[in-house]
Number of protein chains: 2
Amino acid sequence: HSHIKPESFGQKDIAEYAKGLKYNDKGLLVAIAQDVDTGDILMQAFANAEAVEATLRTGLGTFYSRSRDSLWCKGETSGHFLKVKRVFCDCDRDSLIYLCKPIGPACHTGEPTCWFEGTGEGAGGEDTIEVVNEMPRTTLQMLEETIRAREVDDEGGVGKSWTAKLLGDTDLLCSKVREEAGELCETLEKAEGKERAASEMADLLYHSMVLMRKQDVDMVQVMEVLRERFGVSGIDEKAARSKL
Amino acid sequence: HSHIKPESFGQKDIAEYAKGLKYNDKGLLVAIAQDVDTGDILMQAFANAEAVEATLRTGLGTFYSRSRDSLWCKGETSGHFLKVKRVFCDCDRDSLIYLCKPIGPACHTGEPTCWFEGTGEGAGGEDTIEVVNEMPRTTLQMLEETIRAREVDDEGGVGKSWTAKLLGDTDLLCSKVREEAGELCETLEKAEGKERAASEMADLLYHSMVLMRKQDVDMVQVMEVLRERFGVSGIDEKAARSKL
Ligand SMILES: [Zn+2]
Ligand SMILES: [Zn+2]
Ligand SMILES: [Zn+2]
Ligand SMILES: [Zn+2]
Ligand SMILES: [Zn+2]
Ligand SMILES: [Zn+2]
Ligand SMILES: [Zn+2]
Ligand SMILES: [Zn+2]
Ligand SMILES: [Zn+2]
C-alpha cells in the first residue's frame, strides 16, 4: 500500500505508539468503541495519549473524561467494561476504533449502545423527518429484528406472515431449512451463477435464523461460538497469557 | 424508556432537528459513517448543523471541512458518495451515526474504510505491541477472511486445512452443507438445547460460507439481497419517491 508508511508497522513501544497519534489542541482524539461480534458502534468518547496507552496495556477501553479532567476506564464504577481486542487508527491518525467485547450495556442509561434515537423510514415531506426510538441496525440485525417482530401480529396474536407460519410449524420450518440448503448446494452443483448463489444463501440464512428464533437463540451467540472456534485473540487474551 | 424525553420523537422539522443537537465550542459534533450491510465504520469527520440538515435533505453524507471552512458532501469530487439510510444521535446528542451504503471506497487513499492500521494479535511483551496493515473485522468478516486465507497455503499451493479440502471437493462440500442443515434441524426436532443450536448454526454458517467462497460470492452480496427483500428503506429512497 503506497499510502502507508512502512515505518508505521512492526513491533512498537506502546507509549511511543500512543504518542505518535494525532491529537487536537486539547490533546484529544476521537475514540469509537465497536462490538467485535455484532459490529454495533457502542459508544464514542475522547482519549488522550495516556488513555490510549492504558487501553493497550490493560485491554480495557479507557478514555479521557473532560468533565472530571481525568482518565476514565469505562466500567470502573458500573462493571460494564469494554474488553478491547485490537485498536485501529484512521488514515490521518486522529480517530481510533476500540474493537471490543462489551461486558453489559455500553450506555450509562442501560441501553446496549448510546445510539437509540434515530430518524425513521416514515413518510415525511421534504422539510420534516420522523424521529424514533430505534438503534442503528445492520442488514443481518434488521433481519433478526424483523423475524422477531413478525412472531406476533399487531394485536399480540399469532402473526399471519410466512415467518409466523414457520415459527408455528416445526415440520414445515425444518423441511424448508433442509430444502434451502439443498437449493444452495445446487447453485454450485449445477453452476447456476453468482446471483442465484447469493439469493439461495439469503434464503438459507433467513430460514435458519427463523429456526434460531424458534429456539430463542440470538445470532450474537452464534458469533461468539465462531469467534472462539476461529480464534480471534486480542489484547486481553495476550495479557492473560503473559500472566501464565 | 424513562431516560428518553418523549418530546424527542415524532415528526420533526429537519432544520430544527439539526439545530437541537449538541455542538461543541466550534459548532461541530462527531459524525461517524457506518456501512448498513457490513457494519464497517467507514470514516469519521465532523458536522455542523448545516451539514446534518443537508444530509437529511439529500440522503448523501455531508460534513463540515475544517481545512476548507465549508460544507463538504463526501463524494462531490470523487463520486464516492455515502447514501445515507438513517441518522442516529447518541445519548447526549453530540455524536451521530450516518447509517449508509457507500458508493466505492470511503477513504481518499482508495481503501474501503479509513481504518487500515491496527494493533495485531502478535506476541509482544508488556511494553510493546505489533502494528499491522489490517482493518477492523467483526466475527463474520473474520470468518470470511479466514476462509479466503486458507484457500492457499504459505507457498501459494493448495492449502492442507479442512477449508482447503472442502474448497477442492464439491461433493464433500455439498454433502457437508446438507448434513449441517440436518443437524441444525435436529436441535429443534430433538430439543437438544440452545447451546447445541448455536453450535450447529455456526457449523452451517461456516460450511455455507465456504460454498459461497467456492463460487466467489462475498457475504456483502448476500446482505444486499436480504436488504432489498426485507425492505430497509431510507432517506435516499424517500427522496426518490418524492420525485415521482
Ligand atoms: Zn492500501
Ligand atoms: Zn481522521
Ligand atoms: Zn450513552
Ligand atoms: Zn425453496
Ligand atoms: Zn431457495
Ligand atoms: Zn431505554
Ligand atoms: Zn456523546
Ligand atoms: Zn481516510
Ligand atoms: Zn454440525
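In this predicted model, C114(A) is tucked away from solvent, with a relative accessible area of 8% that makes this residue buried. C107(A) is buried too, at a relative accessible area of 3%. Both cysteines turn up again at a metal: the zinc ion (ligand 3) is held by the SG atoms of C107(A) and C114(A), together with the SG of C91(B), at 2.2 to 2.3 Å. Chain A and chain B thus each supply sulfur to this ion, with C107(A) and C114(A) coming from one and C91(B) from the other.

A second zinc ion, ligand 7, has a set of aspartates around it. Its protein donors are the OD atoms of D90(B), D92(B) and D94(B), sitting 2.1 Å from the metal. Along the chain, these donors are laid out with the spacing D-x1-D-x1-D. As for burial, D90(B) comes in at 4% relative accessibility, so this aspartate counts as buried. D94(B) has a higher figure, 16%, but still counts as buried because the cut-off is under 20%.

Then there is the matter of how the two chains relate. Chain A lands on chain B after a rotation of 180° with 0.0 Å of shift along the axis, and the RMSD of that superposition is 0.0 Å. This is the relation of a two-fold axis. Within chain A, G39(A) has the C-alpha nearest the axis, at 2.5 Å. The two copies also use the same surface to meet, as 100% of the contact residues of chain A recur in chain B.

Definitions and conventions. Residues numbered from 1 in each chain as written. Chains lettered and ligands numbered in written order. Predicted model: local features only at pLDDT ≥ 70, side-chain atom pairs only at ≥ 80, totals over all residues. Heavy atoms only, no water. Donors = N, O, S within 2.8 Å, 3.2 Å for Na, K, Ca; no water. Buried < 20%, exposed > 50% of the residue type's maximum accessible area, 1.4 Å probe, protein only. Least-squares fit on C-alpha atoms with pLDDT ≥ 70 in both. Contact = heavy atoms within 4.5 Å.
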